[in-house]
Amino acid sequence: MTASVHDKRRSGESGSEDDEISRLVREGIRPEGMKDRLNLAADKLVGKVPLGIDAPNKTARKLIGGSAELLHVLKYGFPGLFLFLAGIIFLYVGLAGGPSLETVAIGAALVTLGAWGLRSAYQAARNLRYICKA
């Protein structure tokens with residue numbers, strides 16, 4: 001069953017991602033064989049489906065998936081914001097007086113890491129909103 005869900009996502013048949021996540025939380029996934037269970041475990045590990053999607057009832061699916069997404073928001077949001085702001089400060093200091101290549105390079109790396117963290121936190125916040133709507 002998990003293969004058909006992800007085939008739809010890749011081919012674009014599903015209406016939107018929020019509808020798919022909400023539907024998965026409402027209905028759940030029941031893996032039938034060992035191959036389906038391994039595919040589901042791999043999809044959870046990679047982040048294609050929310051955690052707890054195979055829980056026995058909707059409340060448990062929402063609680064497990066929502067708490068995992070909230071943890072992801074906190075885990076990557078605050079450090080991402082800090083790194084992004086620190087990178088901007090490093091860039092400003094590196095370019096303000098006499099240009100310092102080392103400081104500019106550190107600032108660019110921090111801005112890049114911060115942007116990645118903020119993007120990851122934003123996606124987790126969107127998934128959290130979709131899980132709460134289910």
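Which residues make the nonpolar surface patch of about 320 Å²? Select Leu81, Leu85, Ile88 and Leu118; these four form the patch. The tour returns to them after an overview.

**Before you start**

This is a predicted model, in which local features need pLDDT of at least 70 and side-chain atom pairs count only at pLDDT 80 or more, while totals for chains, interfaces and linings use all residues. Residues are numbered from 1 along each chain as its sequence is written, and side-chain values use heavy atoms, with hydrogens and water left out.

**Whole chain**

Show the chain as a cartoon. The secondary structure comes to five helices and zero strands, in the order α-α-α-α-α along the sequence. Helices (H or I, at least four residues) and strands (E, at least two) are DSSP runs, numbered from the N terminus. Next, colour by accessibility: buried residues make up 31% of the 134 residues. Buried means under 20% relative accessible area, exposed means over 50%, and partly exposed lies in between (1.4 Å probe, protein chains only).

**Helix H4**

Select residues 58–96, which are helix H4. H4 has 39 residues and reaches 55 Å from its first C-alpha to its last, close to the 57 Å expected at 1.5 Å a residue. The expected span is 1.5 Å times one less than the number of residues. Within H4, the buried positions are Arg61, Gly65, Gly66, Glu69, Gly77, Gly80, Ala86, Gly87 and Gly94.

Now pick leucine 74, also in H4. Leucine 74 is partly exposed, at 42% relative accessible area. Draw a distance from its C-alpha to that of alanine 125: the two residues are 51 residues apart along the chain, and the C-alpha atoms are separated by 9.5 Å. Then move to lysine 75 in H4, which is exposed at 52%. The C-alpha atoms of lysine 75 and glycine 117 are 8.8 Å apart in space, with the two positions 42 residues apart in sequence numbering.

**The aromatic pair**

Select tyrosine 76 and tryptophan 116. The structure holds one aromatic pair. Its ring centres are 5.6 Å apart and the planes stand at 85°, so tyrosine 76 and tryptophan 116 are edge-to-face. Rings of Phe, Tyr and Trp (its six-membered ring) pair if their centres lie within 6.5 Å; planes under 30 degrees apart count as stacked, over 60 as edge-to-face and the rest as tilted. The pair links distant parts of the chain, with tyrosine 76 in H4 and tryptophan 116 in helix H5 (residues 101–133), 40 residues apart. Tyrosine 76 is partly exposed, at 23%.

**Back to the nonpolar patch**

Show Leu81, Leu85, Ile88 and Leu118 as a surface. H4 gives the most to this patch, with three residues. One residue of the patch is isoleucine 88, which lies in H4 and is partly exposed at 40%. Patches are made of residues with over 30% relative accessible area and no salt bridge: like charges are joined within 9 Å, nonpolar side chains (Val, Leu, Ile, Met, Phe, Trp, Tyr) within 5 Å. Accessible areas come from the Shrake-Rupley method with a 1.4 Å probe, and for residues only the protein chains shown count as cover.

**The nonpolar core**

Hide the surface and select Ile21, Leu24, Val25, Ile29, Leu40, Val49, Ile53, Tyr130, Ile131 and Ala134, the 10 residues of the largest nonpolar core. Helix H2 (17–27) and H5 each supply at least two of its residues, and H2 gives the most, with three. Such a core is a set of buried Ala, Val, Leu, Ile, Met, Phe, Trp, Tyr and Cys residues joined through side-chain atoms within 4.5 Å.

**Salt bridges**

How many salt bridges does the structure hold? There are two, each a side-chain nitrogen of Lys or Arg within 4 Å of a carboxyl oxygen of Asp or Glu.

- Select arginine 23 and glutamate 27, which meet at 3.1 Å, N to O. Both lie in H2, four residues apart, about one turn of the helix. Arginine 23 is partly exposed at 25%, as is glutamate 27 at 48%.
- Select aspartate 54 and lysine 44, which meet at 2.8 Å, N to O. This pair links distant parts of the chain: aspartate 54 is in the loop between H3 and H4, lysine 44 in helix H3, 10 residues apart. Aspartate 54 is partly exposed at 32%, and lysine 44 is partly exposed at 22%.

**Last stop**

Select proline 56, in the loop between helix H3 (34–46) and H4. Proline 56 counts as exposed, at 67%. The C-alpha atoms of proline 56 and arginine 30 are separated by 8.9 Å, the two residues being 26 residues apart along the chain.
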